[in-house]
Amino acid sequence: MAVRTIREEGDEILRKKSREVEVIDEKIKELIEDMIETMHKANGVGLSAVQVGILKRIVVIDLYDEKGPIRLINPVITKTKGEQEVEEGCLSFPNQYGKIIRPAEVTVEALNENGEKIKIKAKGLLAQAISHELDHLEGILFVDNIIPGTLQYVEPEEK
Ligand code: NI
């Protein structure tokens with residue numbers, strides 16, 4: 001496994017639409033594990049393949065709970081319910097946060113790393129993370145949809 005470079009604000013690839021994964025081969029599996037390692041190193045709760053420069057419809061999410069990392073290939077949101085106003089950031093926009101309206105609940109269907117169909121019903125932070133990461137696959141960034149005037153730059157803590 002390896003940590004990959006996270007593409008940041010201004011990188012044009014972040015605006016491109018990702019393509020479906022047709023075959024889940026060893027290269028795809030390695031990419032997914034690298035994405036998880038990259039997300040963990042950056043203390044993120046989600047990462048899409050485009051953020052490491054690969055235009056494929058792959059998302060990883062980890063809320064650091066008992067579920068462990070979630071791997072979603074070709075994910076599609078099939079149902080949303082309600083709204084939540086939440087604080088949000090993105091690993092591609094270091095130290096920037098804003099308020100955004102996300103669905104309160106989402107149902108997502110995808111393939112897992114073994115090519116099996118999975119369906120997840122999520123609410124709260126998981127629904128937010130799924131919604132955020134799936135936007136990346138369309139080239140949509142959280143800053144596009146934040147509530148005007150709520151974007152803040154937060155200085156990183158000294159290490
Ligand atoms: Ni993001």
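Two strands count as paired here if DSSP finds at least two bridges between them. In this predicted model, strand 4 (residues 84–90) and strand 5 (residues 93–102) clear that bar with six bridges and run in the antiparallel sense. A hairpin of two residues takes the chain from strand 4 to strand 5. One pairing to look for is Glu88, whose bridge partner in strand 5 is Gly98.

Strand 4 also has a neat two-sided pattern. Gln84, Val86, Glu88 and Cys90 point to one face and are buried, while Glu85, Glu87 and Gly89 point to the other and are not. That fits the general rule that side chains in a regular strand alternate between the two faces of the sheet. Glu87, on the face that is not buried, comes out as partly exposed at 44% relative accessibility. The side chain of Glu87 meets that of Lys99 in a salt bridge, with 4.0 Å from N to O. Lys99 belongs to strand 5 and Glu87 to strand 4, so this pair ties together parts that are 12 residues apart in sequence. Lys99 is partly exposed too, with a relative accessible area of 36%.

Further pairing involves strands 3, 6 and 7. Strand 3 (residues 70–81) and strand 6 (residues 105–111) are antiparallel, with six bridges between them, and Ile77 stands opposite Val108 of strand 6. Strand 6 in turn is joined by seven bridges to strand 7 (residues 117–123), again antiparallel. Within that pairing, Ala110 has Ile118 of strand 7 as its bridge partner. The hairpin of strand 6 and strand 7 has five residues between the strands, and Gly115 there takes a positive phi near 80°.

Positive phi values also turn up at two residues that are not glycines. Asn74 has a phi of about 50° and sits in strand 3, where it counts as buried at 13% relative accessibility. Asn43 has a phi of about 55° and is placed in the loop between helix 1 and strand 1 (46–48). Asn43 counts as exposed, at 66% relative accessibility.

Back to the charges: the whole structure holds 10 salt bridges. In one of them, the side chains of Glu138 and Arg57 meet at 2.4 Å, N to O. Glu138 is in the loop between helix 2 and helix 3 (142–145) and Arg57 in the loop between strand 1 and strand 2 (58–61), so the contact ties together parts that are 81 residues apart in sequence. The two ends differ in cover: Glu138 is partly exposed, with a relative accessible area of 31%, whereas Arg57 is buried, at 11%. Lys17 joins in as well, linked with Arg57 and Glu138 in a network of salt bridges.

Another salt bridge brings together the side chains of Asp135 and Arg102, at 2.9 Å from N to O. Asp135 is in helix 2 and Arg102 in strand 5, so the pair ties together parts that are 33 residues apart in sequence. Asp135 and Arg102 are both buried.

On the surface, Lys16, Arg19, Lys27 and Lys56 form a positive patch. Of these, Lys16 is found in the segment before helix 1 (26–41). Patch members need over 30% relative accessible area, and Lys16 is partly exposed with 44%. A nonpolar patch of about 270 Å² is made by Val45, Tyr64 and Leu125. Leu125 lies in helix 2 (residues 124–137) and is partly exposed, with a relative accessible area of 45%.

Two C-alpha pairs round off the picture. Arg4, in the segment before helix 1, has its C-alpha atom 6.2 Å from that of Val52, although 48 residues separate them along the chain. Arg4 is partly exposed, with a relative accessible area of 26%. Val154 is in the segment after strand 8 (152–153), and its C-alpha atom is 7.6 Å from that of Tyr97, 57 residues away along the chain. Val154 counts as partly exposed, at 37% relative accessibility.

Terms used: Residues are numbered from 1 along each chain as its sequence is written. This is a predicted model: local features need pLDDT of at least 70, side-chain atom pairs count only at pLDDT 80 or more; totals for chains, interfaces and linings use all residues. Side-chain values use heavy atoms; hydrogens and water are left out. Buried means under 20% relative accessible area, exposed over 50%, partly exposed in between (1.4 Å probe, protein chains only). Helices (H or I, at least four residues) and strands (E, at least two) are DSSP runs, numbered from the N terminus. Patches are made of residues with over 30% relative accessible area and no salt bridge: like charges are joined within 9 Å, nonpolar side chains (Val, Leu, Ile, Met, Phe, Trp, Tyr) within 5 Å. Accessible areas come from the Shrake-Rupley method with a 1.4 Å probe; for residues, only the protein chains shown count as cover. Lys and Arg count as positive and Asp and Glu as negative; His and the chain ends are not counted. The place of a charge is taken as NZ of Lys, CZ of Arg, CG of Asp or CD of Glu.
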